[in-house]
Amino acid sequence: MKSVQQQGRTIAGWAAPSPEQLTNAGRIAEAWNRRDFETWIESFATDCEWYPSTVGAVEGGRTAIHGHEELRAYTRQVEEVWELFHVEIDDALRRGNLSLLLGRVRARGRVSGVETETPMFWLLAQNEHERTVWGKSFLDLDEALAAAAERETDST
């Protein structure tokens, strides 16, 4: 992984995650990539709230996905739309209960066959068991950082 600092950008207040947290993030991304969606879903709390920047956003909405059953429906939608949907995590940062994952998604449309590679940023609020209770993916790092600041303000 090439860190944000190595890319010439410092993100104030964020620190490297523990080795265990970094390993866990990689394990969850790999589960997604091998289409082991149940392992990916188990990384979320049962009452989670997830806002993906893909699929629903492309179709004009960005409503929350709530709970494991809706996450399962989301993974079925991903399978229908994308022939390839590969997540790569390049860096991870931590501040309080928030994790910020920096990486990219390589995707190929099932119908169009068009392949893309898109920078992606995932902001996750996690509980004491390291389960995601709230998460949102972003196409822009500054938007992810603004959402983190807003999330922290809302929780104080």
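The legends below describe close-up views of a predicted model.

Residues are numbered from 1 along each chain as its sequence is written, and side-chain values use heavy atoms, with hydrogens and water left out. Because the model is predicted, local features need pLDDT of at least 70 and side-chain atom pairs count only at pLDDT 80 or more, while totals for chains, interfaces and linings use all residues.

**View 1. Helix α1 and its buried residues.** Helices (H or I, at least four residues) and strands (E, at least two) are DSSP runs, numbered from the N terminus. Helix α1 has 15 residues, and its first and last C-alpha atoms are 21 Å apart, close to the 21 Å expected at 1.5 Å a residue; the expected span is 1.5 Å times one less than the number of residues. Gln21, Ala25, Ile28, Ala29, Ala31, Trp32 and Asn33 of α1 are buried, where buried means under 20% relative accessible area, exposed over 50% and partly exposed in between (1.4 Å probe, protein chains only). Elements covering these residues include α2, α3, β3 and β4, contact being heavy atoms within 4.5 Å. Just after α1, Arg35 has a positive phi of about 65°.

**View 2. Helix α3 and its surroundings.** The 15 residues of α3 (residues 67-81) should span 21 Å at 1.5 Å a residue, and the end C-alpha atoms are 21 Å apart, which agrees. Gly67, His68, Leu71, Arg72, Tyr74, Thr75 and Val78 are the buried residues of α3. They pack against α1 (19-33), α2 (37-42), β1 (44-51), β2 (65-66) and β3 (82-95). Within α3, Arg72 and Glu69 form a salt bridge (2.7 Å, N to O), a salt bridge being a side-chain nitrogen of Lys or Arg within 4 Å of a carboxyl oxygen of Asp or Glu. The two residues are three apart, about one turn of the helix. Glu69 is exposed, at 56% relative accessible area.

**View 3. Salt bridges made by strand β3.** Arg108 pairs with Glu83 in a salt bridge, with 3.5 Å between the closest N and O atoms. This pair links distant parts of the chain, since Arg108 is in strand β4 (residues 98-109) and Glu83 in strand β3, 25 residues apart. Arg108 is partly exposed at 23% relative accessible area, and Glu83 is also partly exposed, at 40%. A second salt bridge joins Glu130 to Arg94, the closest N and O atoms being 3.1 Å apart. Glu130 lies in the loop between β5 (115-126) and β6 (132-138) and Arg94 in β3, so this pair ties together parts 36 residues apart in sequence. Glu130 is partly exposed at 22% relative accessibility, whereas Arg94 is buried at 12%.

**View 4. A salt-bridge network.** Glu88, Asp90, Arg104, Arg106 and Glu117 are linked by salt bridges into a network. The whole structure holds 12 salt bridges.

**View 5. Aromatic rings around Trp32 and Phe85.** The structure has 10 aromatic pairs. Rings of Phe, Tyr and Trp (its six-membered ring) pair if their centres lie within 6.5 Å; planes under 30 degrees apart count as stacked, over 60 as edge-to-face and the rest as tilted. Trp32 and Phe85 are edge-to-face, 5.6 Å centre to centre with 65° between the planes. Trp32 lies in α1 and Phe85 in β3, so the pair ties together parts 53 residues apart in sequence. Trp32 is buried at 3% relative accessible area, and Phe85 is buried at 5%. Both belong to one aromatic cluster with Phe37, Trp40, Phe44, Trp50, Tyr74 and Trp82.
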